[in-house]
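Reader: I'd like to learn how to read a model like this one. Could you walk me through it?

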Amino acid sequence: MSAFEYAPAPESRSIVKLQPSYGLFINGEFVDGAGSFKTISPASEEVLAEIAEASTADVDRAVKAARRAYTDVWGVMPGRERAKYLFRIARLIAERSRELAVLESLNNGKPIKESRDVDVPLAAAHFFYYAGWADKLPYAGFGADPRPLGVAGQVIPWNFPLLMLAWKIAPALAAGNTVVLKPAETTPLTALLFAEICQQAELPPGVVNIVTGAGETGAAVVNHPDVDKVAFTGSTEVGRIIARAVAGTNKKVTLELGGKAANIVFDDAAIDQAVEGIVTGIFFNQGHVCCAGSRLLVQESVADQLLESLKRRMATLRVGDPLDKNTDVGAINSAEQLSRIKALAEIGSAEGAERWSPACELPDRGFWFAPTIFTGVSQAHRIAREEIFGPVLSVLTFRTPGEAVEKANNTPYGLSAGVWSEKGSRILAIADQLRAGVVWANTFNKFDPASPFGGYKESGYGREGGRHGLEAYLAG
Amino acid sequence: MPAKKKESADSVASATRVTAGAVLPRLAVRKTYKLYIGGAFPRSESGRTYVVADSKGQFVANAAQASRKDARDAVLAARAAFGKWSGATAYNKGQVIYRVAEMLEGRRDEFAALEVPASEVDEAVDRLVWYAGWTDKLAQVVGGANPVAGPYFNISSPEPSGVVAVVAPSAPTLLGLVSVIAPAMATGNTVVVITDAPRVAITLAEVLATSDVPGGVVNILTGSAAEMAPWLASHSDVNGLDLTGLADAKLALELEQAAAETLKRVRRPAAVDWSADPGLAPMTAYLETKTVWHPKGI
Amino acid sequence: MTATISPLSEVTRSDAALRTFLHGLPGVDRVGADARAAGLGTRSIKTTAKAWAIDLAIRMVDLTTLEGADTPGKVRALCAKARQPDPGDPSCPPVAAICVYPSMVPTAHEALRGSGIHLASVATAFPSGQAPLKVKLDDTRAAVAAGADEIDMVISRGAFLSGRYLEVFEEIVAIKEACGSAHLKVILETGELVTYDNVRRASWLAMLAGGDFIKTSTGKVAPAATLPVTLIMLEAVRDFLDTTGRKVGVKPAGGIRTTKDAIKYLVMVNEIAGDGWLDPDWFRFGASTLLNDLLMQRTKLATGHYSGPDYFTLD
């Protein structure tokens with residue numbers, strides 16, 4: 001125990017006015033759904049609200065509203081007017097940022113410092129970025145008169161609820177599409193607060209529709225015949241199902257799926273920053289990050305030293321109440337995800353890898369998993385191949401740059417990768433050889449609205465962010 | 001005296017049926033159109049061939065009928081060639097594709113003999129030249145620096161998806177083949193093409209084989225798309241599937257569904273005017289955007 | 001391995017060996033280091049933790065006056081303040097040390113007698129260090145002879161920047177010897193070293209040469225102490241302890257004016273070097289105006305309302 005014990009520093013919940021129940025957001029209004037389900041705080045298992053569950057008929061209503069809004073208003077509105085709506089939304093997100101951050105941490109379990117400093121500011125920045133594109137589409141490189149596609153059906157995951165919403169809605173609206181978005185079953189609340197923001201921004205009804213529910217609701221969105229575009233972020237398993245479902249249709253699809261990123265540390269790396277990058281890479285957002293650096297590939301000559309530094313650093317991670325401003329690692333999002341993480345970690349041990357976690361007390365209630373590393377992992381281990389989507393790092397070693405690249409690429413995924421070296425030419429050569437959509441060199445888990453994001457191979461297709469992100473929502 | 005004229009294989013073959021007593025013209029050597037895999041021209045491992053007829057239904061040649069195992073071998077060859085071809089400089093790729101154009105220009109007569117209109121050969125040559133010029137420009141058009149809000153250098157550049165399986169359009173034969181092969185080549189992908197036009201395709205393969213195109217960059221399978229394409233669509237080591245030229249909607253649906261298993265990049269069947277400006281889509285369909293971040297600090 | 005021989009004794013054998021060693025230290029990525037420091041800066045230290053941190057910070061202050069206008073009267077007043085920072089609250093701890101120019105050492109020595117407060121003197125032609133070695137040694141010896149038990153020396157940044165590492169090393173060794181039993185704080189003047197790689201190398205150089213503390217700045221050059229520079233130095237002392245078994249202290253100086261800043265530094269000490277450094281023997285703040293802000297915040301915590309500058313002594 002340190003001499004310097006940080007007293008609890010909880011962010012106040014009072015800024016958030018939770019309603020007992022939330023409806024579906026269709027055609028600019030909150031309406032009842034066919035059924036309902038409860039949404040909880042994963043840190044305490046406290047029920048936060050009752051959420052409407054959208055049936056196929058509800059989804060149909062939403063798509064019809066989106067179609068009307070597309071045909072009558074949004075699709076024909078001059079770009080400069082659309083832009084102003086988006087700028088308005090960006091500003092409203094910034095103005096309500098504290099409320100959104102608290103709500104996100106409550107419903108998702110992520111530390112308030114992340115929702116406050118990363119998720120919410122990036123979400124606002126995304127709207128701000130794409131707002132500017134709305135009246136400049138002919139200059140985006142997709143033809144002289146690029147047209148919107150129509151109605152976009154969007155399904156997003158629970159790891160960055162508001163940010164993924166922004167990644168989906170901002171470019172879609174900028175390009176002139178209308179949307180029906182389904183937030184993840186476990187994290188609907190910030191999307192519903194976003195719906196309020198749409199009302200506040202006086203966005204025309206039907207331009208944004210939010211339908212809450214589980215997998216069946218998502219399937220209804222994806223399979224609706226009047227949806228022109230499907231955008232999905234989530235697991236590779238579901239990505240396959242969606243790709244199959246839209247086969248033979250005219251729906252344009254983008255998929256942002258799983259990953260098993262290699263974070264490669266060479267012996268000449270800036271060790272202290274590399275350790276930070278490893279920690280950010282796998283423990284940011286409890287490792288619930290598709291581009292998480294879940295495989296550490298460290299050069300054998302510095303492996304011992306690096307691991308010692310890493311363990312020392314991990315011992316300073318503060319796991320606990322997501323609303324405490326000093327929390328570094330929050331709650332696992334759901335019981336289901338926790339059991340998956342536990343199962344894979346047990347497999348790691350059973351396969352002979354050595355498991356280590358710093359001493360840390362976990363709360364009694366809620367879903368928790370201590371930051372964990374496995375050493376002595378080989379490529380053949382399941383924990384080196386399967387996406388764990390939790391705070392679990394598999395450590396492998398390599399001897400030569402060639403071996404590092406070979407191991408890094410030896411996966412069906414290809415979303416992201418990290419490289420740590422102080423040698424410029426090595427960085428560039430390795431970055432060239434890595435088969436991944438984002439390569440962070442001497443940094444990790446950095447995101448920006450101007451920077452395209454998306455995967456190779458089974459990590460999906462299409463890019464979100466930047467000029468590239470418009471392509472998914474435009475017909476050339 | 002037999003006329004000393006330049007004959008196509010067909011006419012030479014028919015000229016052998018001459019009256020007894022006359023001086024027999026020489027017996028033509030018939031050509032079997034084999035497959036093009038890994039830079040070589042193997043027969044189908046299945047040993048199967050099929051008869052190719054001309055537009056009047058007359059026998060003109062035997063062609064290898066590729067099997068699923070040939071498809072497998074073609075993917076292996078394409079994968080083996082991918083590292084070097086994708087890593088070749090854009091300038092080098094442009095030179096190679098331009099060389100294909102040169103060689104095709106020099107073999108106009110062969111394609112004329114295969115009933116390819118001269119205008120189509122022109123278009124095919126011109127299309128190759130067009131793509132040759134794209135290799136070192138595309139990265140500047142579709143990539144570039146991204147102004148992120150922080151002290152980072154951030155750049156996006158296009159990279160090839162990998163191995164692309166293509167069902168070539170039935171017509172136009174030469175222009176269709178060139179239009180599906182060249183963009184994939186230009187972007188650094190390697191290609192496995194299924195075609196039902198063996199004479200044109202394999203004659204084009206001969207052009208490719210003599211044009212500095214490394215073996216395995218383009219692989220041509222002659223035979224039935226319905227038989228082979230499902231194997232390519234479900235092959236885990238294939239990254240892209242180009243069905244723009246496929247007329248069979250039911251087959252296309254099955255192929256797209258099979259491709260979903262490994263999240264292949266799929267171009268769906270489309271009514272394509274092969275003579276029109278292709279735009280960027282045939283290239284960008286099989287490009288991945290890689291974005292590299294690096295801190296900027298002293 | 002013999003315990004008495006430092007594992008690093010070979011590296012200072014020659015200029016070449018020293019250069020090889022210093023340039024073989026892991027590099028520092030500036031953006032990453034800045035981000036880490038900024039991240040630690042977002043820690044929220046409240047209530048009991050804050051009270052504890054404020055008292056510790058007061059105990060870590062090297063209350064400093066280094067002005068051409070300094071007089072014995074000014075120094076005596078400062079010493080009184082050092083003994084009893086908050087005359088209205090006897091529970092307020094004294095500061096760690098008084099830091100003055102050599103000419104003021106006799107006055108301060110007298111004023112601090114019996115207090116247990118250390119007396120630090122800048123020496124070695126502070127702040128530029130641009131004087132012959134002999135002058136620097138005399139400066140040091142004089143300060144020690146007059147009663148200073150801590151010497152804050154400056155390194156020759158010119159020699160360091162032109163790569164004459166052995167010269168810098170030998171100078172520190174000589175000053176250390178001249179210090180006798182007085183503790184030596186080695187001022188790197190990181191604002192002039194500019195890069196974090198240089199800060200890391202200079203830190204190791206100073207520690208190899210026997211410095212008891214490494215200190216960021218003279219306070220006369222901008223930028224003075226910054227969080228990321230102190231982060232690099234805390235990593236250096238942590239790694240030096242791991243490598244050699246010898247513990248070295250860290251002193252950021254200059255520009256730390258608020259309680260909020262001071263607490264950020266303490267958080268960094270805690271999470272980078274570890275709580276073994278959360279002690280006035282191993283961490284100091286070179287500061288003057290910081291003390292009154294610490295006192296104001298201390299009063300606020302104790303009374304529950306905000307205080308004002310008129311309620312704290314200006315010395």
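Reader: What is the mean pLDDT of chain C?

Author: Happy to start there. This is a predicted model, and pLDDT is the predictor's confidence in each residue, from 0 to 100. For chain C the mean is 95, with 98% of its residues at 70 or more. Residues 1-5 of chain C have pLDDT below 50, and in the model this stretch has 0 contacts beyond near neighbours in sequence.

Reader: And which ipTM and pTM does the predictor give the complex?

Author: The complex gets an ipTM of 0.97 and a pTM of 0.95.

Reader: Now to a single strand. How many residues of strand 10 of chain A are buried?

Author: To judge this, count neighbours: a residue is buried if 20 or more other C-beta atoms lie within 10 Å of its own. In strand 10 of chain A, residues 229-233, 5 of 5 residues are buried. Both faces are covered, with A:Lys229, A:Ala231 and A:Thr233 on one side and A:Val230 and A:Phe232 on the other.

Reader: Which strand joins strand 10 of chain A over 5 bridges, and in what sense do they run?

Author: That is strand 11 of chain A, residues 252-256, and the two run parallel. Within this pairing, A:Val230 stands opposite A:Val253. The chain gets from strand 10 to strand 11 of chain A by way of helix 8 (residues 236-245), in a β-α-β crossover that is right-handed.

Reader: In what sense does strand 7 of chain A pair with strand 10 of chain A?

Author: Strand 7 of chain A, residues 151-155, pairs with strand 10 of chain A in the parallel sense, over 4 bridges. To find this pairing on screen, look for A:Val155, whose bridge partner in strand 10 of chain A is A:Phe232.

Technical notes
Residues are numbered from 1 along each chain as its sequence is written. Chains are lettered from A and ligands numbered from 1 in the order in which they are written. This is a predicted model: local features need pLDDT of at least 70, side-chain atom pairs count only at pLDDT 80 or more; totals for chains, interfaces and linings use all residues. Two residues are in contact if their C-beta atoms, placed from the backbone, lie within 7 Å. A residue is buried if 20 or more other C-beta atoms lie within 10 Å of its own, exposed if 12 or fewer, and partly exposed in between; C-beta atoms are placed from the backbone. Two strands pair if DSSP finds at least two bridges between them. A crossover is right-handed if, with the strands pointing away from the viewer, the path from the first strand over the helix to the second runs clockwise.
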